[in-house]
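Please look over the sequence and the model shown here before reading on. The paragraphs that follow go from the overall make-up of the chain to individual elements and residues.

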Amino acid sequence: MATVLPPPEEYAALAPRPGSPVYRAFNDIRIAGTAGYAVLLQVAHPTVGHGVHQYSGFVEDPWGRLLRTLDYVHGTVSGGPEMAGRIGARVRGMHRTIKGEKPDGSRYSAMEPEAFAWVHATLAVAVLDGHRHLAREMTRAQAQAFWTQWRDVGRLVGVRYRDLPETVEELEAYVARMVADELEWTPAVDDVMATLVASRPPFDFLPPVVWRALSFPVGWHGRVTTVGLMPPVLRERLRLPFSAGDARAFQVLSALSRAAGPLVRGPLRDFGPYYVRARRGPLERGDVASVDHPPVRRREPAANV
């Protein structure tokens with residue numbers, strides 16, 4: 001781990017700063033709608049998918065898992081260099097224990113450089129596609145500046161520069177190759193889709209009757225947006241239903257999201273800093289990848305059924 005993680009004196013040069021390309025790109029609240037898409041791209045990688053299925057708390061604790069994911073993203077992007085560095089080191093360390101066997105008998109480890117790099121890249125892909133469909137599409141120069149800085153951020157979790165393409169054009173070719181040759185259905189795909197309609201309310205103070213009224217539209221919106229962003233060939237391979245009605249709904253939702261641009265102000269435009277302030281306690285305590293939330297292998301084996 002020490003050979004790939006940067007020393008603390010490099011955190012300031014690698015972490016995003018207010019107003020930087022990564023900071024601006026992630027903090028538009030509309031981009032939160034791409035979270036499910038990013039996770040599906042991740043778990044379609046065989047190593048990531050089987051690791052998530054066997055170790056993650058998606059099914060047992062979907063809201064806790066979501067909060068820890070948001071803590072990771074916004075703590076890294078908006079929490080400042082020291083917080084970003086600490087989170088990156090903890091996340092890297094936690095993944096050392098995630099290893100196992102795929103249904104075909106081959107072994108996997110979460111520390112595989114390709115898998116680690118793919119997870120980091122998918123977050124950028126989701127942001128770029130999210131701005132294209134849900135907000136305002138970046139220019140080529142803006143996209144390149146964002147991707148260049150995102151490669152820097154990857155160093156905080158031990159993703160080496162050589163593990164990722166250098167340009168946006170090379171990133172697009174990399175994603176196309178992964179979609180064509182590497183990504184496949186894994187049991188974690190169904191795990192992730194199931195969490196889009198969670199049966200329990202996310203907060204204790206939210207009455208169950210209120211959550212029952214909200215859960216269907218929230219889950220429907222999440223499913224349509226998540227599957228709508230997916231490349232059609234991968235959508236079919238991952239067994240994700242998407243009807244003509246879903247396609248029309250995705251177009252309408254996307255258009256409404258883009259049209260809402262003038263309303264995205266204050267905490268909606270700079271969501272990350274507000275989130276970090278609200279979650280300062282857990283972030284300072286180290287709930288992301290902490291010993292209180294270790295990866296625990298699920299008892300049932302992963303089965304491709």
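Helices (H or I, at least four residues) and strands (E, at least two) are taken here as DSSP runs, numbered from the N terminus. The model is a predicted one, in which local features need pLDDT of at least 70 and side-chain atom pairs count only at pLDDT 80 or more, while totals for chains, interfaces and linings use all residues. Residues are numbered from 1 along each chain as its sequence is written, and side-chain values use heavy atoms, with hydrogens and water left out.

The secondary structure of the protein chain comes to 15 helices and two strands. Of the 305 residues in the protein chain, 50% are buried, where buried means under 20% relative accessible area, exposed means over 50%, and partly exposed lies in between (1.4 Å probe, protein chains only). Contact means heavy atoms within 4.5 Å, and among the contacts in the protein chain with a separation of 6 or more, 79% are between residues 24 or more positions apart.

One pair of helices to follow is α11 (residues 208-229) and α13 (residues 244-259), which pack at an angle of about 95 degrees with their axes 9 Å apart. The axes are lines fitted to C-alpha atoms, for helices over the stretch in contact, and the angles run from 0 to 180 degrees between N-to-C directions. Angles of 65 to 115 degrees count as roughly perpendicular, those under 35 as roughly parallel, those over 145 as roughly antiparallel and the rest as oblique, so α11 is roughly perpendicular to α13. On the α11 side the contact is made by W220, H221, R223, V224, T225, G228 and L229, and on the α13 side by D246, A249, F250 and L253. By class, this contact of α11 with α13 has six nonpolar, three polar and two charged residues, with Ala, Val, Leu, Ile, Met, Phe, Trp, Tyr, Cys and Pro counted as nonpolar, Asp, Glu, Lys and Arg as charged, and the others, Gly among them, as polar.

In the loop between α12 (232-237) and α13 lies R239. Phi of R239 is near 65 degrees, a positive value in a residue other than glycine, and at 49% relative accessibility R239 counts as partly exposed. A176, in helix α9 (residues 168-181), is likewise partly exposed, at 45% relative accessibility. The C-alpha atoms of A176 and P231 are separated by 9.7 Å, although the two are 55 residues apart along the chain.

Another loop, between α5 (62-78) and α6 (81-95), holds G79. G79 and P16 are 63 residues apart in sequence, yet 8.9 Å apart in space, C-alpha to C-alpha. With neighbours within four places in sequence left aside, G79 is in contact with H74 and V276.

Is H120, a residue of helix α7 (residues 113-134), buried or exposed? H120 is buried, with a relative accessible area of 3%, and, not counting residues up to four places away in sequence, H120 touches W150, V153, G154, V159 and L164.

The last feature is the second largest pocket, which has about 480 Å³ of space. Of the 18 residues that line this pocket, R24, D28, H131, R136 and Q142 are the closest to its centre. Both α2 (21-27) and α8 (140-154) supply at least two residues each of the lining, and α2 gives the most, with four residues.

Notes:
On a 1 Å grid over the protein atoms alone, a cavity is a set of points where a 1.4 Å probe fits but cannot get out, and a pocket is an open set with protein on both sides within 12 Å along at least five of seven lines; lining residues have an atom within 4 Å of a point. Grid points are joined across faces, edges and corners, and a volume is the space filled by probe spheres set on the points.
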